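This report describes the fold of one protein chain for a reader who is new to structural biology. Please keep the sequence and the model in view while reading.

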Amino acid sequence: QPVNAVNRLLKRAMDLAISTPIVFLVLPFTTLFVWLCQCLQSPGPVLYKQKRSGLLGRTFMIYKYRTMHVKNDDEARQAAKNDRRVFPAGAWMRKMSIDELPQFINVFLGDMSVVGPRPHMLQHDDLFVKVMKNYLVRRFVHPGITGWAQVSGFRGEIHTERDVRNRVEADIYYLESWSFSLDCVIILKTIKQCIFPLRTAY
């Protein structure tokens, strides 16, 4: 299980092996590209920063490329289809998951893992724990850029309590079934979804 010291070391080694080249070789170019898109359609900060809940409930600052206009009337509201807060290039970045790339900085710093339960907004944690009492089990591992719930189709906007339960059940399955090979499968499935985005990706 992920709580095992040897497995934690193996997982951290994989995180560094993936995040280090992305942070130092890929992000400089993608950041320039994103900045140019933002200059044309929605000037403002390149990165979007927000507090999220991490390992054992400790908060950290998550990094994403900004995909919404600076004047956002409701940051806690999840992005919906045809959301007016999202500028055109931002919608494309969200669909292709390009906006998630700066989270490899979080992985490099040790706040996140490449694979694990997605970290939700603090307000959403408070809401979701009311729907499913064992929701907080997710905090026993580092949150991830991608996870079993995401590659199983449970990503995007949450509409019902069933959506919350599907995600949490998938996260618990991951916690109980963790292996190095499972992480590799999730990463491969994520790459496939980036090339062929799900209909819930917006």
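Helices of at least four residues and strands of at least two are taken here as runs assigned by DSSP, and both are numbered from the N terminus. By this definition, the chain has seven helices and four strands. The model is a predicted one.

**Overall architecture**

Along the sequence, helices and strands follow one another in the pattern α-β-β-α-α-β-α-β-α-α-α. The chain has 202 residues, of which 46% count as buried. Among contacts with a separation of 6 or more, 69% join residues that are 24 or more positions apart. The accessible surface of the chain is about 10900 Å², and carbon and sulfur atoms account for 64% of that surface.

**The hairpin of S1 and S2**

Strand S1 covers residues 47-53, and strand S2 covers residues 59-65. These two strands pair in the antiparallel sense over seven bridges. Ser53 stands opposite Thr59 in S2. Together S1 and S2 form a hairpin, with five residues between them.

Leu56 belongs to the loop between S1 and S2. Its phi is near 60°, a positive value in a residue other than glycine. A second residue with a positive phi is Ser97, which is not a glycine either and has a phi of about 65°. Ser97 is placed in the loop between H2 and H3.

**Nonpolar cores**

In soluble globular proteins, nonpolar side chains tend to be buried together. The largest nonpolar core of this chain has 27 residues, and within this core Tyr65 and Phe104 touch the most other members. The elements that contribute two or more residues to this core are H1, S2, H2, H3, S3 and H7. Helix H1 gives the most, with six residues.

Which residues does Phe104 touch, not counting residues up to four places away in sequence? They are Ile18, Ser19, Ile22, Val23, Val114 and Ile145. Apart from the largest core there is a second, separate core of seven residues, including Val131, Tyr135, Val164 and Ile172.

**Helix H7: inside and outside**

Helix H7 spans residues 180-195. Leu182 lies in this helix, and so does Ile191. Is Leu182 buried or exposed? Leu182 counts as buried because its relative accessible area is 11%, and the cut-off for buried is under 20%. Beyond its neighbours within four places in sequence, Leu182 is in contact with Trp148, Tyr174 and Ser177. Leu182 and Val115 are 67 residues apart in sequence, and their C-alpha atoms are 9.5 Å apart in space.

Ile191, by contrast, is partly exposed, with a relative accessible area of 45%. Ile191 joins Leu188, Ile195 and Phe196 in a nonpolar patch on the surface, and the four have about 450 Å² of accessible area together.

**Exposure of selected residues**

The table sets out four of the residues discussed above.

| Residue | Relative accessible area | Class |
|---|---|---|
| Leu182 | 11% | buried |
| Ser97 | 16% | buried |
| Ile191 | 45% | partly exposed |
| Leu56 | 54% | exposed |

Why does Leu56 count as exposed? Its relative accessible area is 54%, and residues over 50% are classed as exposed. Ser97, at 16%, counts as buried, although Ser97 too is placed in a loop.

Note on methods. Residues are numbered from 1 along each chain as its sequence is written. This is a predicted model: local features need pLDDT of at least 70, side-chain atom pairs count only at pLDDT 80 or more; totals for chains, interfaces and linings use all residues. Side-chain values use heavy atoms; hydrogens and water are left out. A nonpolar core is a set of buried Ala, Val, Leu, Ile, Met, Phe, Trp, Tyr and Cys residues joined through side-chain atoms within 4.5 Å. Buried means under 20% relative accessible area, exposed over 50%, partly exposed in between (1.4 Å probe, protein chains only). Contact means heavy atoms within 4.5 Å. Two strands pair if DSSP finds at least two bridges between them. Patches are made of residues with over 30% relative accessible area and no salt bridge: like charges are joined within 9 Å, nonpolar side chains (Val, Leu, Ile, Met, Phe, Trp, Tyr) within 5 Å. Accessible areas come from the Shrake-Rupley method with a 1.4 Å probe; for residues, only the protein chains shown count as cover. A salt bridge is a side-chain nitrogen of Lys or Arg within 4 Å of a carboxyl oxygen of Asp or Glu.
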